[in-house]
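Grab a pencil and work through these exercises at your own pace. Each task is followed by a solution that goes step by step.

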Amino acid sequence: MTEWTNWGRSVTTHPTRVVRPRTSADVAQVVQQAATEGLRVKAIGAGHSFTAIGATDGVLLHLNHLSSILSHDVVTGRVRVQAGISLHQLNPRLKALGLALPNLGDVDPQSVAGAISTGTHGTGGRLQGIAAAVVGVQLVLADGAVVEIDEQHPWFHAARVSLGALGIITEVTLQCVPAFLLHAREEPMALPEVLSRIDEMVEDNDHFEFYWFPHTEKTLTKRNNRVPAGTERDPVGRFRGWLDDRFLSNTLFEGINRAVAHHPALIPRVNQISGSVIGAREYTDDSYRVFVSERSVRFRESEFAMPREALPDVLAALRAWFDAGHEPISFPIEVRFTAPDDVWLSTGHDRANCYVAVHQYWRTDHQAYFAATQDIFTAHEGRPHWGKLHTLDASYFSAAYPRFDDFVAIRDEVDPDRRFTNDYLDRVLS
């Protein structure tokens, strides 16, 4: 029996078969064949979603062979790619063309289709998520028809963050910007100071985020800003990069999490030490090298977007939960920010957001922690990242998203037989 498991080891499924298409025509043929057999179809990229958004008991389309840049225009900045290309593959290829995506998340294994379909966002108070850079989508529908959806198409605002519910995305056209360098400034800062300066930090930097160590007042802040033309790269030195980004953040952090999983009472003290040993650093490098961090420690994640002004109350509620002694938490809490966009199912739809992400080591039960944080987030109009863990359903989303019913109406039009559904989509859309 075929078995597929996602990166976070939170989902395992048993598809009837796995197919690795190389062209849009291949995908159309697979969808048509599945329809004659009465099988459902789902596409998978890197499997980096923590939810079961890509799971299926039918045909699993693995898109890793759809990994080419099809065309580019350095004048307009528009680049057409196959949907299975990973951000890790795409970013250096864009650099070679003198181009870059305007914003990225902090990891890059995701396929382009997966990143946009789940609303991957990055950070920047004046910037939007990756899906906002999409200006065209090629979609294979339930009957095998291949359609081109551009900015004038009535499905455009639904197709950019589609959850895989409308069809199989096979090609994507991205609006890129000229390649740029970022100056990175990373330094520890006490949480009260961060919160007292939060408007300044968000508004005065192109990209700002911070990590808060639970059970402490310690944070690590990250400020990334574009530099003037002609500035030279000044990357992190080889040893400092190995020490900070590979050994401390991954190898040692993995060992610590294995140890405290058996001795959770040590976690608050460990967090104090971890937050104290982090040093400040500054460097300048290609944008994608600054955005992306190495993440080899396996974990589960839940992340919600909330109105930006809700952040102090959200963090106060999290602090109260920690102080009540419910459970010691070893992973830092990540806080990011984005500008509003017009994508119907984007967490940023018509709203400037703060994002609060909570994590749990994959060998540790996450359910009580994530349930408690979900209650806090939903009390502040939270919208969960579609690829990260939550237990909400369509009754919640119909109120959380003003264009939710419009999205569902398009889904009813293009996939009335639910060729592309699964249990997760049944819960969040039906």
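Two strands pair if DSSP finds at least two bridges between them, and the elements themselves are DSSP runs numbered from the N terminus: helices (H or I) of at least four residues and strands (E) of at least two. This is a predicted model, where local features need pLDDT of at least 70 and side-chain atom pairs count only at pLDDT 80 or more, while totals for chains, interfaces and linings use all residues. Residues are numbered from 1 along each chain as its sequence is written, and side-chain values use heavy atoms, leaving out hydrogens and water.

**Exercise 1. Find the bridge partner of His72 in β7, then place β6 and β7 in their sheet.**

Step 1. Start with the two strands: β6 covers residues 69-73 and β7 covers residues 78-82. They run antiparallel, and four bridges join them.

Step 2. Look across from His72 and you land on Val79, its bridge partner in β7.

Step 3. Now check the turn. The hairpin has four residues between the strands, and Gly77 there takes a positive phi near 80°.

Step 4. Zoom out: the open sheet has five strands, ordered β6-β7-β11-β9-β10, with antiparallel pairing. Its edge strands are β6 and β10 (146-150), each pairing on one side only. On average, neighbouring strands of this sheet are turned by 15° against each other, direction ignored. That angle is taken between axes, which are lines fitted to C-alpha atoms (for helices, over the stretch in contact); angles run from 0 to 180 degrees between N-to-C directions.

Step 5. Finish at the other end. Strand β9 (residues 134-140) is joined to β10 by five bridges, again antiparallel, and Gly136 has Asp150 as its bridge partner in β10.

**Exercise 2. Work out the strand order of the eight-stranded sheet and say which strands α10 touches.**

Step 1. Trace the open sheet strand by strand: β16-β13-β15-β14-β18-β19-β17-β20, with antiparallel pairing.

Step 2. Spot the edges. They are β16 (281-286) and β20 (383-384), which each pair on one side only.

Step 3. Pick one pair inside the sheet: β17 (residues 299-307) and β19 (residues 353-361) run antiparallel and share nine bridges. Phe304 stands opposite Val356 in β19.

Step 4. Add the helix. α10 packs on the sheet and touches β14 (207-212), β17, β18 (333-338) and β19; contact means heavy atoms within 4.5 Å. The direction of α10 makes about 15° with that of β14.

**Exercise 3. Describe how α10 and α11 pack.**

Step 1. Get the geometry: α10 (residues 311-323) and α11 (residues 367-378) pack at an angle of about 145°, and their axes are 10 Å apart.

Step 2. List who takes part. From α10 come Val314, Ala317, Leu318, Trp321 and Phe322, and from α11 come Ala368, Tyr369, Ala372, Thr373, Ile376 and Phe377.

Step 3. Sort them by type: ten are nonpolar, one is polar and none is charged. Here Ala, Val, Leu, Ile, Met, Phe, Trp, Tyr, Cys and Pro count as nonpolar, Asp, Glu, Lys and Arg as charged, and the others, Gly among them, as polar.

**Exercise 4. Why do the buried residues of α13 line one face of the helix?**

Step 1. Name them: in α13 (residues 404-414), Phe404, Phe407, Val408, Ile410, Arg411 and Val414 are buried. Buried means under 20% relative accessible area, exposed means over 50%, and partly exposed is in between (1.4 Å probe, protein chains only).

Step 2. Look down the axis of α13: its buried residues fall within an arc of 160°, so they line one face. The arc is that of the directions from the helix axis to the C-beta atoms.

Step 3. Check both sides. The buried residues pack against α4 (156-159), α12 (394-400) and α14 (423-429), while the face turned away carries the exposed residues Asp405 and Glu413.

**Exercise 5. Which residue contacts does Pro328 make beyond its neighbours within four places in sequence?**

Step 1. Find Pro328 in the loop between α10 and β18; with a relative accessible area of 29%, Pro328 is partly exposed.

Step 2. Its contacts are His215, Pro264, Ile267 and Pro268.

Step 3. Follow up on His215, in the loop between β14 and β15 (218-226). His215 has a positive phi of about 70° although it is not a glycine. Most residues other than glycine have a negative phi.
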